[in-house]
Amino acid sequence: VSNDTFNAILDENATKDVIIKSNNDVTFTFAKGTMASVDGKTEYDFSTSIVNAYSDTMPSYITKDNFVSQINFNYSGKLPATADIRFYVGTQYAGQTLYYSLMNVDNTFAEVQAVTVDAAGYMTVKQDHCSSYVVTNAEPKLAGKDNNTANSNTTKVSDQKSASVTSPKTGDTAPVVLYVMIAVAALGVIVCAKKRKMA
């Protein structure tokens with residue numbers, strides 16, 4: 001997209017959503033009134049390449065068992081706005097949760113999004129920049145390290161649940177102390193009563 005064409009798109013975005021259909025059946029949707037030009041950019045390349053075959057050169061957290069596809073955006077860097085990006089992964093994954101993560105240059109991952117594939121076999125993800133991404137059928141993990149997820153709610157929710165189960169609540173010990181005091185007082189009364197009988 002040339003700079004002149006992009007300026008026309010910006011004008012259009014002021015009043016309505018802008019949908020850019022790219023190659024490989026990839027669609028970028030920018031919500032009304034959100035787009036702005038990116039400093040230093042004079043052209044915007046929204047084309048992609050999608051790899052559906054696993055390669056041994058992929059990072060260790062991507063295996064033959066969890067690999068679905070890799071999507072490489074020709075555009076690199078900040079997008080004109082946060083986009084809903086829709087792309088095809090296959091009807092065999094319909095209804096399943098797949099994981100979409102940024103492939104860092106140091107062979108780690110980031111910004112994991114857990115997405116349910118729609119009935120037509122498409123995933124829709126949100127992002128405000130482009131690079132290389134990978135889709136897996138299991139949440140990626142680095143060997144010997146904790147998850148490096150950024151947008152995964154699953155881990156956060158389970159952490160909150162476990163914390164609520166194991167953390168003591170304020171004031172939980174007060175009734176126990178009260179019962180102990182009553183028991184000690186009752187025991188004292190019994191002991192005093194026995195001493196009087198013996199006397």
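Let me begin with a contact between a charge and a ring: Arg86 lies over the face of Tyr122, at 3.8 Å from the ring centre. Please bear in mind throughout that this is a predicted model.

Arg86 also has a place in the strand pairing. Its bridge partner in strand S7 is Thr124. That brings me to the pairing of strand S4, residues 67–88, with strand S7, residues 122–136: the two are antiparallel and share 13 bridges. Strand S7 has a further antiparallel partner in strand S5, residues 97–103, to which four bridges join it. Within S5, the residue I would point out is Tyr100, which stands opposite Val135 of S7.

Let me turn to the aromatic residues. How many aromatic pairs does the model contain? The count comes to twelve. One of them is formed by Tyr44 and Tyr75, whose ring centres are 5.9 Å apart and whose planes meet at 10°; the pair is therefore stacked, as planes under 30 degrees apart count as such. Tyr44 belongs to the loop between S2 and strand S3, residues 48–51, while Tyr75 belongs to strand S4, so that this pair links distant parts of the chain, 31 residues apart. Are these two tyrosines buried or exposed? Both Tyr44 and Tyr75 are buried.

A second pair, Phe73 with Tyr133, has another geometry. Here the arrangement is edge-to-face, with 5.8 Å from centre to centre and 90° between the planes. Because Phe73 lies in strand S4 and Tyr133 in strand S7, this pair ties together parts that are 60 residues apart in sequence. Phe73 is buried, at a relative accessible area of 8%, and Tyr133 is buried as well, at 1% relative accessibility.

These residues belong to a wider arrangement. Ring pairs connect Phe6, Phe28, Phe30, Tyr44, Phe46, Phe73, Tyr75, Phe87, Tyr100 and Tyr133 into a cluster. Tyr75, moreover, has a charge above its ring: the charged end of Lys41 sits over it, 4.6 Å from the ring centre.

Phe6, a member of that cluster, leads us to helix H1, residues 3–13. Which residues of H1 are buried? They are Phe6, Ile9, Leu10 and Asn13. Viewed down the helix axis, these buried residues fall within an arc of 105°, and so they line one face of H1. The face turned away from the buried side carries the exposed residues Asp4 and Asp11. As for what the buried residues pack against, their partners are strand S1, residues 18–21, strand S2, residues 27–30, and S4.

I now come to two asparagines. Asn72 is found in strand S4. With 16% relative accessibility, Asn72 counts as buried, because the cut-off for that class is under 20%. The side chain of Asn72 makes two polar contacts that I would like to show you. One is with the side chain of Gln70, at 3.0 Å; another is with the side chain of Ser132, at 2.9 Å. Leaving aside residues up to four places away in sequence, Asn72 touches Ser47, Thr48, Ser49, Val51, Ser131 and Ser132.

The other asparagine, Asn66, is located in the loop between S3 and S4. Asn66 is buried, having a relative accessible area of 10%. A polar atom of its side chain lies 3.0 Å from the backbone oxygen of Tyr61. Under the same exclusion of residues up to four places away in sequence, Asn66 touches Tyr61, Val135, Thr136, Asn137 and Ala138. Val135 has already appeared in this talk, as the residue opposite Tyr100.

Finally, a glycine. Where does Gly95 lie? Gly95 lies in the loop between S4 and S5. At 56% relative accessibility, Gly95 counts as exposed, because the cut-off for exposure is over 50%. Gly95 nevertheless has contacts with residues elsewhere in the sequence: not counting those up to four places away, Gly95 touches Thr116, Val117 and Asp118. Its C-alpha is also 8.4 Å from that of Gly121, a residue 26 places apart from Gly95 in sequence.

To close, I return to strands S4 and S7. They pair in the antiparallel sense over 13 bridges. Between these two strands we have also seen the edge-to-face pair of Phe73 and Tyr133 and the polar contact from Asn72 to Ser132. Thank you for your attention.

How values were computed:
Residues are numbered from 1 along each chain as its sequence is written. This is a predicted model: local features need pLDDT of at least 70, side-chain atom pairs count only at pLDDT 80 or more; totals for chains, interfaces and linings use all residues. Side-chain values use heavy atoms; hydrogens and water are left out. Two strands pair if DSSP finds at least two bridges between them. Buried means under 20% relative accessible area, exposed over 50%, partly exposed in between (1.4 Å probe, protein chains only). The arc is that of the directions from the helix axis to the C-beta atoms. Contact means heavy atoms within 4.5 Å. Rings of Phe, Tyr and Trp (its six-membered ring) pair if their centres lie within 6.5 Å; planes under 30 degrees apart count as stacked, over 60 as edge-to-face and the rest as tilted. A charge sits over a ring if NZ of Lys or CZ of Arg is within 6 Å of the ring centre and within 35 degrees of the ring normal. A polar contact is a pair of N or O atoms within 3.5 Å; within protein, one must be able to donate a hydrogen and the other to accept it, and residues adjacent in sequence count only if both atoms are side-chain atoms.
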